[in-house]
Amino acid sequence: MKMKRLKIEPIGKKKPKRSLVPRLIIMTVLAVAACTFGVYQYRDKLKYKQEAQNAYDKAFYEACAGVDDLRGLLQKASLLSRSEQLAPVYADVWRAASRAKDNLAALPYDYEPAAKTSKYLSQAGDFAYAMFTKTLNGAVLSVEDAKNAASITEYAEELADELLLEVAAARVSGGVDWDYVSKVSFAENVNSGVRLAGYIGSAAETLSDYPALIYDGPFSDHIQGIEPMMTKGQPIVSKDEAREKAEQVLSVTGLHYTEVVDIGETPEQSGSIPVYSFSAALSGGGSAYIDVTKQGGLPLFLLSNETDERAEKVEFEKARQNAEYFLSAAGFTSMKYSYYEYADGYITINYAPYIGGVIMYPDLVKVKVCVNGGAVAGFEALGYITMHRTRDLPEKELTAVSALYYIPEDAKVLTVSTAVIPSGSYTEKLCYEFRVEQNNMEFLIYINAVTGVTEDVFKLNISEYGVLAE
Amino acid sequence: MRKAFFAMFMAMALIIAVQPAKAATYTWGSSGEAVKTIQQTLKSWGYYTGEVDGKYGLLTLEAVKYFQRRNGLTEDGVVGPKTLEGLGMPGYTPWPGTVSATKAPSATTPPATNTNIQASSRENDIWLLACVINGEGRGESYLGQVAIGAVVMNRVKSPLFPDTVYGVIYQPGAFDAVKDGQINLTPTQSCINAARDAMNGWDPVDGALFYWNPKTATSKWVLSLTITKSIENHVFGMSNA
């Protein structure tokens, strides 16, 4: 008897039969691709890590060498006393400090060690430059200078010792792990007392009791805490009075604004020029922002970024007239313009008071005028509020004609005027300003009207974008 | 199983494909061969009447705006990717930047390193400052943008920080936008204007050297700083020491 073959069907869903092979091939191909990709990525990562590591190593060794140089040069300077011997040494000190500072700033330290070392090196370089120009002019160092030099030298010695220990630590531990250093916190490092290769925690710590230095340079410690001349001793105005002032200033700008609203004030006991802040919505959708000082209720700045594209374009002369109308209406009188810049639809013009035939450059006010329509879109009076006062100018020792002696013979003098110029550290110099031309370039040369020293030289950059001094 | 494959494949494709394209822009203050080409094109189409001198000045600005207005582009005077395309010059690489991989430099399109070099180092500083403002606060108000620029400028003037705009911006760890690469985005016009105002001395934050977001800042050190001003999402301040 023939058995009938029974085909056994599975119960439930029918499944098509498929080979595993194509799936395996796809899986293998993908796995190989992923691995290859991963290997390449990893190799790239190592390469970039090594490049970053190398750049940090170079900056680190340069910085340490710079500080070591600084120490040696300062020690040499303390041996010498004649100005012609000191001038070249201080020029080298200035260079060494700048080399150390630039390179330290390229390293991934957190704020405190970076800032402490940066401040020391800024002052060391700045002080060296002040001593360099002083000795170059034949002057000898004062008692105060010698005291400052001694304390800068003392700290250079300590800092150099610490940094050279860091280098030694890096050498014995097989280099610096900059990735790790970038994650170290100063407070933890100082508290742990552990010397971590490459991390300048202990070096920065030596600078903690570094004394304040006073000298004639922009980083001198006397500059912090200077009280603005215009607000000193003035009564505090109320917020409403300040708002009125803000309204009044806005009303002479030519901007179309709506309501002036209060947007805050400087917190109690903070800030060097405490202010009330206001804003006003402009017709085009943007806002104008204006700050008024609490003491004296003076307008400090106005900022806006809105220009009416449909309005007619104004020429420079018209922009200047609008700026000058604005200045006198806002309370800045006898202002004369000097430089200006044409950019991005605005003309920014620099003004300084012109009093008794003398331009007071430190008392700077900048006014920004829209090219479209000519409205005043902004002004900035920090220089004016900080420095403006009635000055007791020194007696001139030189006439303009005798000052000509210091002007290069082949330069053609275009104009001569008298000006007060700022010199870095809130000191000022009374000068003759000679505008001269040479090789189709124009320059401003400032000759001290008392001493005859050439205080500054600017190159005028005159183009279709305006007149700027460099 | 298939879904897993697909996801893996897509992930790999994404990793390989995500290489953001940089866009070139030319605007007021730009100069170089690219600007010459722009001027030449605008002149031949009757938008520009000035000289083809490779300097992006007032007349060029007017011509570009006129071109943008007539062609339905955003009338901002900035020759960006769309305007370049409209001018028949797509694929120009930006300054600072590298030569585009997809388009080799030819005689008419010199390598990017020679194009659009700004007129002066001052303009370069303003551009870089605008890039930082853009990376850190393109969503802020104009006041907030100038404030970020002012913090950079205050650092340049401070002995606690490097002495140049470049030194301050590229100091390791100083700005998040430098860390995550957002500094390389093309800045908006508002950021460029804010950078110029900050460079020209506008300081709405009273000498502040730091800013932080009070909602997300947790560091004890940050909370010990003296606040000089609050502007929208940022608080500005300086250290007491």
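Select Asn440(A) to begin: with a relative accessibility of 74%, this residue counts as exposed, where exposed means over 50% relative accessible area, buried under 20%, and partly exposed in between (1.4 Å probe, protein chains only). Asn440(A) sits in the loop between β11 and β12 of chain A; strands (E, at least two residues) and helices (H or I, at least four) are DSSP runs, numbered from the N terminus. Its phi is near 65 degrees, a positive value in a residue other than glycine.

The model is predicted: local features need pLDDT of at least 70 and side-chain atom pairs count only at pLDDT 80 or more, whereas totals for chains, interfaces and linings use all residues. Residues are numbered from 1 along each chain as its sequence is written, chains are lettered from A and ligands numbered from 1 in the order in which they are written, and side-chain values use heavy atoms, with hydrogens and water left out.

**The loop of Asn439(A)**

Select Asn439(A) next. This residue lies in the loop between β11 (428-438) and β12 (441-448) of chain A. Asn439(A) is not a glycine, yet has a positive phi of about 50 degrees. Is Asn439(A) buried or exposed? At 62% relative accessibility, Asn439(A) counts as exposed.

**A second loop of chain A**

Move to Asp392(A), in the loop between α10 (382-387) and α11 (400-403) of chain A. Asp392(A) is exposed, with a relative accessible area of 79%. To relate this loop to the helices that follow, select Gly138(A) as well: the C-alpha atoms of Asp392(A) and Gly138(A) are separated by 28 Å, and the two residues are 254 apart along the chain.

**The helices α2, α3 and α4 of chain A**

Gly138(A) comes just after α3(A) and takes a positive phi of about 90 degrees. Now select α3(A) itself, residues 111-136. α3(A) has 26 residues and reaches 36 Å from its first C-alpha to its last, close to the 38 Å expected at 1.5 Å a residue; the expected span is 1.5 Å times one less than the number of residues in the helix. This helix is mostly covered, as 19 of its 26 residues are buried.

Select residues 83-104 of chain A for helix α2, which has 22 residues and reaches 31 Å between its first and last C-alpha, close to the expected 32 Å. Its buried residues include Leu86(A), Val89(A), Tyr90(A), Val93(A), Ala97(A), Ala100(A) and Leu104(A). An α-helix has 3.6 residues a turn, so residues three or four places apart point the same way. What covers the buried residues of α2(A)? The cover includes α1 (21-79), α3 (111-136) and α4 (143-172) of chain A.

Continue to α4(A). Its 30 residues should span 44 Å at 1.5 Å a residue, and its end C-alpha atoms are 44 Å apart, which agrees. Just after α4(A), Gly174(A) takes a positive phi of about 75 degrees.

**Chain A as a whole**

Display the full chain A, which has 11 helices and 14 strands. Along its principal axes the C-alpha trace spans about 140 × 70 × 55 Å. The radius of gyration of chain A is 33 Å, whereas a compact globule of 470 residues would have one near 23 Å; the radius is taken over C-alpha atoms, and the globule rule is 2.2 Å times the number of residues to the power 0.38. Of the 470 residues, 44% count as buried.

**Chain B**

Turn to chain B, with 10 helices and three strands. From the N terminus on, its elements run α-α-α-α-α-α-α-α-α-β-α-β-β. Buried residues make up 51% of its 241 residues.

Select Phe236(B), in strand β3 (residues 234-238) of chain B. At 0% relative accessibility, Phe236(B) counts as buried. Add Val205(B) to the selection: its C-alpha atom and that of Phe236(B) are separated by 6.5 Å, and the residues are 31 apart along the chain.

Finally, select Asn154(B), which lies in helix α6 (residues 142-157) of chain B. Asn154(B) counts as buried at 9% relative accessibility. Which residues is Asn154(B) in contact with, leaving aside its neighbours within four places in sequence? They are Asp203(B), Val205(B), Gly207(B), Ala208(B) and Leu209(B), where contact means heavy atoms within 4.5 Å.
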